[in-house]
Amino acid sequence: ASGSGGASGSGGSVEVGAPNKSLFVEGLPEGTKEEMLRVLFGQFPGYTGGRMVPGKVGMAFVDFKDVGSSKIALQGLQGFQIGAGSVLRLTYAKMQ
């Protein structure tokens, strides 16, 4: 990906967007249910819930009580591998 402007934070290649309480998750295995989101993200403080994106395989939104909590989860699970070949890609959800 080409980009103008530098990556902030840990210098990762993923452009995570403006920090907020919700994360957009890509790379979940096909057939992932909200229960799996609870298992993955519930280990982080401040997790309030998650929902799959209807009609999109492997995509979900996950919500936290505050920005600090979502930031910890993003850092903790960015690039996490689930099963054979599924690697999580997390960004902050774009707020409408």
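Is G50 buried or exposed? In this predicted model, G50 turns out to be buried, with a relative accessible area of 17%. That value falls under the 20% cut-off, so G50 counts as buried. G50 sits in strand β2, which runs over residues 47-52. Leaving aside residues up to four places away in sequence, G50 touches E34, L37, F61 and V62. One of these partners, F61, is 11 residues from G50 along the chain, and the two C-alpha atoms are separated by 5.6 Å.

Stepping back to the whole protein, the secondary structure comes to 2 helices and 6 strands. Read along the sequence, these elements follow the pattern β-α-β-β-α-β-β-β. Of the 96 residues, 36% are buried. The protein exposes about 6000 Å², and carbon and sulfur atoms supply 54% of that area. As for how the chain meets itself, take the contacts between residues at least 6 apart in sequence: 59% of them join residues at least 24 apart.

Helix α2 covers residues 67-77, and its buried residues are S69, S70, A73, L74 and L77. These residues all lie on the same side of α2, because they cover an arc of only 135° around the axis. What sits over them? The cover for the buried residues of α2 includes strand β1 (22-26), helix α1 (34-41), strand β3 (60-64) and strand β6 (89-92). So much for the buried face; the two ends of the helix have details of their own. At the start of α2, a side-chain oxygen of D66 reaches to within 3.3 Å of the backbone nitrogen of G68. Past the other end, α2 is followed by G79, which has a positive phi, near 80°.S86 belongs to strand β5, made up of residues 86-87. This serine is buried too, with a relative accessible area of 14%. Not counting residues up to four places away in sequence, S86 touches G27, L28, P29, F80 and Q81. P29 is a partner from well back along the chain: S86 and P29 are 57 residues apart in sequence, yet 5.8 Å apart in space, C-alpha to C-alpha.

Technical notes: Residues numbered from 1 in each chain as written. Predicted model: local features only at pLDDT ≥ 70, side-chain atom pairs only at ≥ 80, totals over all residues. Heavy atoms only, no water. Buried < 20%, exposed > 50% of the residue type's maximum accessible area, 1.4 Å probe, protein only. Helix = DSSP H or I, 4+ residues; strand = E, 2+ residues; numbered from the N terminus. Arc of directions from axis to C-beta. Contact = heavy atoms within 4.5 Å. Polar contact = N/O pair within 3.5 Å; in protein donor to acceptor, adjacent residues only side chain to side chain. Areas by Shrake-Rupley, 256 points an atom, 1.4 Å probe, with all protein chains shown as cover.
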